[in-house]
Amino acid sequence: MLGRCIQSIHQVCMKGSSIPYEIIVVADGSPAPIQERLKKMSSSLRFKLIINPTNTGYTKPVNTGIRHAEGDPVILVNDDIVFEDPAWLSSMLKVFGKDPK
């Protein structure tokens, strides 16, 4: 699911805008085989990977990802989301008062 989610973000952002964006994935207590798979995926799918060795629940990895973000605002996305609308990012930025134009 994660790969499909990330691919959809890249695809719609390339089609719909020239707005800079970054993707951060926080692996929270994932088993070693999953961590290795994510490491391999991070280079081909172009995302920043942060690994927490133990599962710390929901809020700590979210806050970790936010702290590592270089942009503003931060939009949280679960891995079961697939984006199809090329205007989704610019629409979200308008909600935050950050008109991309």
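The points below concern the strand pair, the largest pocket and a few single residues of this predicted model.

1. Strand pair. Strand E1 covers residues 24-28 and strand E2 covers residues 48-52. The two strands run parallel and are joined by 5 bridges. Within this pairing, Val-25 has Leu-49 of E2 opposite to it.

2. Connection. Between E1 and E2 the chain passes through helix H2, residues 32-44. The resulting β-α-β crossover is right-handed.

3. Largest pocket, volume and centre. The volume of the largest pocket comes to about 1,200 Å³. Its lining consists of 41 residues, and those closest to the centre are Ile-23, Ile-24, Val-25, Ile-75 and Val-77. Val-25, already noted opposite Leu-49, is thus also listed among the residues closest to the pocket centre.

4. Largest pocket, contributing elements. Two or more lining residues come from each of helix H1 (2-16), E1, H2, helix H3 (59-68) and helix H4 (88-95). H1 supplies the largest share, with 6 residues. The strand E1 and the crossover helix H2 are both on this list.

5. Largest pocket, composition. Sorted by class, the lining contains 30 nonpolar residues, 5 polar residues and 6 charged residues.

6. Ser-42. This residue belongs to helix H2. Is Ser-42 buried or exposed? Its relative accessibility is 16%, and the cut-off for buried is under 20%, so Ser-42 counts as buried. A polar atom of the Ser-42 side chain lies 2.8 Å from the backbone oxygen of Lys-39.

7. Ile-66. Helix H3 contains Ile-66. Because its relative accessibility is 36%, Ile-66 counts as partly exposed; that class lies between the 20% and 50% cut-offs. The C-alpha atom of Ile-66 is separated by 8.6 Å from that of Ile-24, although the two residues are 42 apart along the chain. Ile-24 is one of the residues closest to the centre of the largest pocket, and H3 is among the elements that give two or more residues to the lining.

8. Helix H4 and what follows. Which residues of H4 are buried? They are Trp-88, Leu-89, Ser-90 and Leu-93. After H4 comes Gly-97, which has a positive phi, near 75°. H4 also gives two or more residues to the lining of the largest pocket.

Key:
Residues are numbered from 1 along each chain as its sequence is written. This is a predicted model: local features need pLDDT of at least 70, side-chain atom pairs count only at pLDDT 80 or more; totals for chains, interfaces and linings use all residues. Side-chain values use heavy atoms; hydrogens and water are left out. Two strands pair if DSSP finds at least two bridges between them. Helices (H or I, at least four residues) and strands (E, at least two) are DSSP runs, numbered from the N terminus. A crossover is right-handed if, with the strands pointing away from the viewer, the path from the first strand over the helix to the second runs clockwise. On a 1 Å grid over the protein atoms alone, a cavity is a set of points where a 1.4 Å probe fits but cannot get out, and a pocket is an open set with protein on both sides within 12 Å along at least five of seven lines; lining residues have an atom within 4 Å of a point. Grid points are joined across faces, edges and corners, and a volume is the space filled by probe spheres set on the points. Ala, Val, Leu, Ile, Met, Phe, Trp, Tyr, Cys and Pro count as nonpolar, Asp, Glu, Lys and Arg as charged, and the others, Gly among them, as polar. Buried means under 20% relative accessible area, exposed over 50%, partly exposed in between (1.4 Å probe, protein chains only). A polar contact is a pair of N or O atoms within 3.5 Å; within protein, one must be able to donate a hydrogen and the other to accept it, and residues adjacent in sequence count only if both atoms are side-chain atoms.
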